[in-house]
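Colleague: I am new to this structure and would like to know what lies behind the labels. Please show it to me, and then I will ask.

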Amino acid sequence: MRVLVVTAVAPEAEAVGAADCGAEVLVGGVGPAAVAARTAVALAAGPDRRGPYDLVVSAGIGGGFAPYAPVGSLVVAETIVAADLGAGLPDGGWLAVDELGFGRSGHRPPPELARAAVELTGALYAPVLTVSTVTGSAARAAELTGRHPRAGAEAMEGFGVAEAADLHGLPVLEIRAISNAVGPRDRDAWRIKDALTALTEGFRRLRPLFEGPVPRSALSPSKES
Ligand SMILES: O=C(O)c1cccc(C(=O)CC[C@H]2O[C@@H](n3cnc4c(=O)[nH]cnc43)[C@H](O)[C@@H]2O)c1
């Protein structure tokens with residue numbers, strides 16, 4: 001299948017490229033807006049002369065929710081959640097954007113495809129939250145886990161990539177290599193090199209998936225023949 005992997009920054013793209021997994025890799029920028037715009041443009045252009053893409057993957061490093069996703073581990077998204085797109089309430093409550101009647105607040109990658117990625121990589125299969133602000137306090141981490149008790153990781157691009165893929169009727173996956181724990185900010189404790197190594201190894205293990213056909217269950221009804 002023809003796969004477009006979208007990362008935020010160049011070192012993540014290089015880590016995926018080092019896996020030689022057959023995917024094309026795009027540096028889409030940091031945050032959901034930048035990455036959605038660049039992904040949408042890349043999908044509209046398509047891969048060079050080989051027909052349209054079959055799958056889009058949001059990938060990179062991310063923060064892990066303890067104790068489920070330790071530093072150096074991988075998380076494959078069961079759902080890709082727009083965790084800070086919505087409205088706060090006076091009592092401290094929260095309404096997600098779909099509860100406000102606008103758009104959607106999450107994407108569910110095709111389970112068969114995501115589970116195949118989990119089996120190949122040994123990753124945790126859990127919701128991955130997309131945030132516009134890296135969590136920097138225990139209180140914010142607790143707020144997020146209060147709303148999403150099964151969250152495995154947070155990062156800043158998955159939902160943007162998923163929105164662009166959805167516009168093109170394409171399935172999406174999100175894969176995060178954990179560089180730091182979600183919680184009080186401690187940038188010196190980020191283990192970026194370890195996470196990038198885990199990202200390369202994860203994509204190496206995904207080669208057989210990318211070399212195979214797209215499972216029918218991953219096709220949207222409009223793309224099924
Ligand atoms: O400084 C470097 O060498 C370097 C190498 C690779 C990546 C980076 C980044 O800073 C990537 C930013 C990217 O990382 C995601 N991320 C990582 N941890 C978290 C987190 O705890 N919460 C949210 N996002 C996180 C995020 O997707 C950023 O776009 C630096």
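**Reasons behind the labels**

Modeller: D20 sits in the loop between α1 and β2 (24-27). Keep in mind that this is a predicted model.

Colleague: What makes D20 count as exposed?

Modeller: A residue is exposed if 12 or fewer other C-beta atoms lie within 10 Å of its own. D20 has 11 C-beta neighbours inside 10 Å, so D20 counts as exposed.

Colleague: What is the sign of phi at D20?

Modeller: D20 has a positive phi of about 50°, although D20 is not a glycine. Most residues other than glycine have a negative phi. A positive phi of about 70° is also found at G169, just after α5.

Colleague: Which peptide bond is cis?

Modeller: The bond from A66 to P67 is cis, its omega being near 0°. Most peptide bonds are trans. P67 belongs to the loop between β3 and β4 (74-82).

Colleague: Why is strand β8 called largely enclosed?

Modeller: A residue is buried if 20 or more other C-beta atoms lie within 10 Å of its own. In β8 (residues 124-130), six of the seven residues are buried, so the rest of the structure largely encloses this strand.

Colleague: How do you know that β8 pairs with β4?

Modeller: Two strands pair if there are at least two bridges between them. β4 and β8 have six bridges and run in the parallel sense. One of the contacts sets A77 against its bridge partner A126 in β8. β8 is also joined to β9 by three bridges, again in parallel. There, L129 stands opposite E154 in β9.

Colleague: What do β8, helix α4 and β9 make together?

Modeller: With α4 (residues 138-147), the two strands make a right-handed β-α-β unit. Right-handed is the word if, with the strands pointing away from the viewer, the path over the helix runs clockwise.

Colleague: How do you know that helix α5 is mostly covered?

Modeller: Eight of the ten residues of α5 (residues 158-167) are buried. Among them are F159, V161 and E163.

Colleague: Which residues are the closest to the ligand?

Modeller: The ligand is surrounded by 20 residues, and the closest are A8, P11, G63, A155 and M156. Two or more residues each come from α1 (10-17), β3 (55-64), β9 (153-155) and β10 (172-181). β3 gives the most, with four residues.

Colleague: How many residues of each class does the shell around the ligand have?

Modeller: Eleven are nonpolar, six are polar and three are charged.

Key:
Residues numbered from 1 in each chain as written. Predicted model: local features only at pLDDT ≥ 70, side-chain atom pairs only at ≥ 80, totals over all residues. Near = placed C-beta within 6 Å. Nonpolar A, V, L, I, M, F, W, Y, C, P; charged D, E, K, R; others polar.
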